[in-house]
Amino acid sequence: MSNAQAVGDLVSQPYKYGFVTDIETEKIAKGLSEDVVRLISSKKDEPSFLLDFRLRAYRQWLQMEEPDWARLGYPPIDYQDIIYYAAPKQQDKKASLDEVDPKLLETFDKLGIPLSEQKRLSNVAVDAVFDSVSIATTYKEKLAEHGVIFCSISEAVKEHPELIERYLGTVVPTQDNYFAALNSAVFSDGSFVFIPKGVECPMELSTYFRINSGDTGQFERTLIVAEEGASVSYLEGCTAPMFDTNQLHAAVVELVALDDASIKYSTVQNWYAGDENGVGGIYNFVTKRGQCRGDRSKISWTQVETGSSITWKYPSCVLQGADSVGEFYSVALTNNCQQADTGTKMIHVGPRSRSTIVSKGISAGRSANSYRGLVQIGPKAVGAKNYSQCDSMLIGDQAAANTYPYIRSQQPQAAVEHEASTCRISEDQLFYLQSRGIGFEEAVSMMVSGFCRDVFNQLPMEFAAEADKLLALKLEGSVG
Amino acid sequence: MTASLSAPTSRTAWLERWLSQLPAPSGPLAAVQERGREALAQQPVPSSRQEEWRFTDLSLLQDLPLAQAAAAPSGGAMSSEAGVLRLQLDGRTDPLAGVELPAGLQVLSDSELAQGLGHTLAATGCEHHWPVELNHASAGRVLALRLASRSKLKLELHSTAQSGLLPLRLLLILEEKAELELCQKIVAQGSGLISLVLEAHLARSARLQHGLVASGQADAALLAHLAIEQEPESHLALSSVTVGWGLARLEPRLVQVDGQASSTLRGLQLVGGRQIADTHSHVSFAGPEGQLDQLHKAVAAGHGRSVFNGAVQVPRAAQRTNAAQLSRNLLLSDRARIDTKPELEIVADDVKCAHGATVSSLQTDELFYLQSRGIDSDQAAGLLKRAFCEEVLRDLPPAARAWCPIEQWQLEDA
Amino acid sequence: MIRPDAPVLLEIRDLHARVEAKEILKGVNLTIRAGEVHAVMGRNGSGKSTLSKVLAGHPAYTVTGGTVHYRGENLLELDPEQRARIGVFLGFQYPVEIPGVSNLEFLRVATNARRAQKGEEELDTFAFEDLVRDRLKVVQMDPAFLDRSVNEGFSGGEKKRNEILQMALLDPLVAILDETDSGLDIDALRIVAGGVNQLATPDNATLLITHYQRLLDAITPDYVHVMAAGRILRTGGKELALELEERGYDWVDQELAALAGEVA
């Protein structure tokens, strides 16, 4: 049908952020060994506990096998053909933005993330990470007035080693999985957030990840700690240039929420997805986990996944505290040859813990979009509740939508409910909107964003529009 | 993932021992037996490291007596009643000895058997499954029947195992517009393993209503594969009930070879004590406009474990498929466990596929409603549990429904 | 209101159309002038719903011959949304449900698309809310419906009222109402018909497609056309509808048979 074709064409828009910034970069030689791990650590001048952490992870990684259960199809990754450390050549981190290489500032300007005093967003603090290295963090002083620490993790290692030592690796242990072990061994940079007891973070925090280098693996590490009664909303954005090779991105994100604390973590992921034949693009193998350690704590994940050649990620919540709350809201759009295997794990340990999962998958082209989730109710989780809903929208008859929701319950006084459905944009719905004067593209876009509405509603105000725009961007273009 | 130190020798020793003690292959299935034994000798016993067996521990099998069970006292036809053919299957004696076959029912010839046996297993992708190979290795007899075009028949199959291994093998061919109501009762009265492999081929517009009621005991295991091929416009209603088994693993596997057929699947499994019941269903639509209506229910009490895995495959050829699957689970004890996992794989855009799963105890508001009408809490709970089961039982053919004494079932947290 | 000097809004000449391989319209002729109310009646399968779909540009229907001009412009070469923007409105027999898309937003986007076409300025959310609340009165609709998804979970009557609300907002020059009376109880029919009557002006025209007289009791047509086998078989005044009510459609068959005889 011509309409189906047209809808398919609509989601195949060129990638906007595919440019490369021409900047001198310091790189180490390709390959991974214990020496490389030591080199990374020494370049960053790290304390011995961190070197030990890295070495332990590296040795564990050597013993592990790359997982294959997600049935993602990609050629074997040669881990010796990757550069594990690359940084734009500018000496150390600058005290002031004025000293940052203007090319970098220009890059972020082009990405829509202006960092300079005059142009930056008024109510969002941004940590800009360029090829594994944090180049600038805005509003640090203002945040410090409230006792909030927001900086690159390298800086945190120097300035707040005690916090790093106390929390790093406590949510995602080094041996957790193959890619987490790799990250723990070689992570370069990332963001650190600490919200002290009783503080409500006065502004949105955001990290913007930009991959620039073509042969460099990206291994960021993010750690967010919210002490008793603290709360924070954090957003991560990502883009990368277009290369015809694949880049490995294996990040780890750890969240810790103590009693009555709340962390809202949102991601708008728009890594380069490869071309229409599946050449190039990012392998996004990410471990994200939050621990609701305290009673009444809350962790909420919202993700809008539109990029990457392969996405393999399951932002999860371990609901330890009594009455703790976990949430997962996800939109995953795949097109061409993209593969996404994404979902969440809600591990209910504490009594009356509650979780909600809303997953919306949109598959177009020849892509494969899988929801894989686990809801586990432990024997002590009396009164726990979970509700999951995962819906798939199929565009064209060559895209795959798979759903694998695991449920395990060991607690009779708990209720788990899962619902799933599939739909498409029907010709009648399109015609109805068109016959009211709404153009084809806008009609498709309205229906796709209507399909995703439950998730977009969860994004922080400042970014909901951005996500809608991103999806619209993927949906804009000529009517076929 | 925790690294489990496996000791393959001890885990498979029982199987090697069993294989070595089997009588030499003989009879019409000698070749099948031989292949099955070879396969078992090479294939490892399924373990929790395999996704398909992740939650189902087969270690019970090594403690069971697996010598071929002695023939039951009576074989063959049990009684005749107008319109119903009632046969006893004991795996050894000829169930059809001395039976006058009703019109339209024929026994497959040797050449037809050679051609037909294993066809549906292959079509549904389970011909090399371990439980199937186990059946292949040991079954010495197959009941292979054809129901002629436009014939109608009610068939009852009864199997009672005293002790040891009872392999049952069935092959049913339903010709165009044939209609079969098949009620199958399996009872374990001693320690042992019952292995069932059923293949059925439904030609265009054929109808099969199959009700399987299997009741076992704590030291008995049931491994069953029900493989069914459906041609367009055929109707399948497959209902199964398992209760009381130390281990029960049921694998209904359907393929709609050209779509356009309708399939109804119903399952009820009850576990208490330290029992494990596992249903792995697999439905594949190889053509357009197929329909599936699946409801699987489980009740877990005591230390019981219930597993459900429901795969539904809708490839590109299967446009306008309409499939609905629901897994509903009643968890009655904090030492019991329920694992449920729907698995939907869809590569067609014009389809309706919905699935759902719930796990909970009895609804307190429903209990309260009954109590507020003067019914005491135990009685109210009993009523609700029976109502929960009844939703599956009511779809059994009447004869099979009569084999489910729901009042006597242990639905309590023992 | 019949005024021979009124401008022609819609001119259908020898229109042929098919869906898949089946020819449904076999030469429809119809002229609609400003201020007129036309009713097309006929049995199921006579082609009357197809006519409405073709006029609105449904992609499943292919025009195989003939012309349709709307205020002198070739309607058939326009996309469905362009037709709507220039003032051709189709009220659906079975309005689809569109989960997730808010009714209010839908109405606003549609209204603004029409306004932009007319050179009027677009309405922001607040101005639009004022407008929509005012137009809700036309169909006595509860504002709560605005917050729901388009038609989702609406009863049959609610869906039809939502259609007339859209008509009130889009202010079409030619409104084609396909079986608007089907599935309505007496009260809902009265409300819907009342809405249509309120919206009729000397500058616009209405084409009612219906099976039954009861809608025509509430909305008086200037012309009644009887459709059969893909053509307009007879045209008359409102009394023709009453005749149909009395005599049924059997005479149509006879006339058709006679026609077939002539052709043969």
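This short talk goes through the chain contacts, one sheet and two backbone torsions of the structure shown above. Please bear in mind that the model is predicted.

I begin with how the chains meet. There are 2 pairs of chains in contact, and the pair sharing the most contacts is chains A and B. Chains B and C, by contrast, do not touch, and 15 Å separates their nearest C-alpha atoms.

Let me turn to chains A and C. On this interface, 22 residues of chain C are in contact with 19 residues of chain A. Which elements of chain C each supply at least two residues of the side that touches chain A? They are helix 2 (80–85), strand 7 (98–102), helix 3 (103–117) and helix 5 (156–170). As to composition, that side of chain C divides into 15 nonpolar, 3 polar and 4 charged residues.

Next, chain A by itself. This chain has 480 residues, of which 61% count as buried. Its secondary structure comprises 11 helices and 24 strands. If we take the contacts in chain A between residues at least 6 apart in sequence, 83% of them join residues at least 24 apart.

I now come to a sheet in chain C. It is an open sheet of 4 strands in the order 2-1-4-5, and the pairing is antiparallel. Strand 2 (22–33) and strand 5 (73–74) of chain C are the edge strands, each pairing on one side only. At the strand 5 edge, strand 4 (residues 61–70) of chain C pairs with strand 5 of chain C in the antiparallel sense, over 2 bridges. Within that pairing, C:Tyr70 has C:Glu73 of strand 5 as its bridge partner.

Finally, I wish to point out two residues with positive phi, neither of them glycine. In B:Lys177, phi is near 60°. This lysine, B:Lys177, sits in the loop between strand 6 (164–174) and strand 7 (179–188) of chain B. In C:Asn151, phi is near 65°. C:Asn151 also belongs to a loop, the one between strand 8 (149–150) and helix 5 of chain C. Helix 5 of chain C is an element we have met already, as one of those that supply residues to the side touching chain A.

Are these two residues buried, exposed or partly exposed? B:Lys177 has 18 other C-beta atoms within 10 Å, so it is partly exposed. C:Asn151 has 23 other C-beta atoms within 10 Å and is therefore buried. The cut-off behind this assignment is 20 or more such atoms for a buried residue.

Definitions and conventions. Residues numbered from 1 in each chain as written. Chains lettered and ligands numbered in written order. Predicted model: local features only at pLDDT ≥ 70, side-chain atom pairs only at ≥ 80, totals over all residues. Contact = placed C-beta atoms within 7 Å. Nonpolar A, V, L, I, M, F, W, Y, C, P; charged D, E, K, R; others polar. Buried ≥ 20, exposed ≤ 12 C-beta atoms within 10 Å, placed from the backbone. Pairing = 2+ DSSP bridges.
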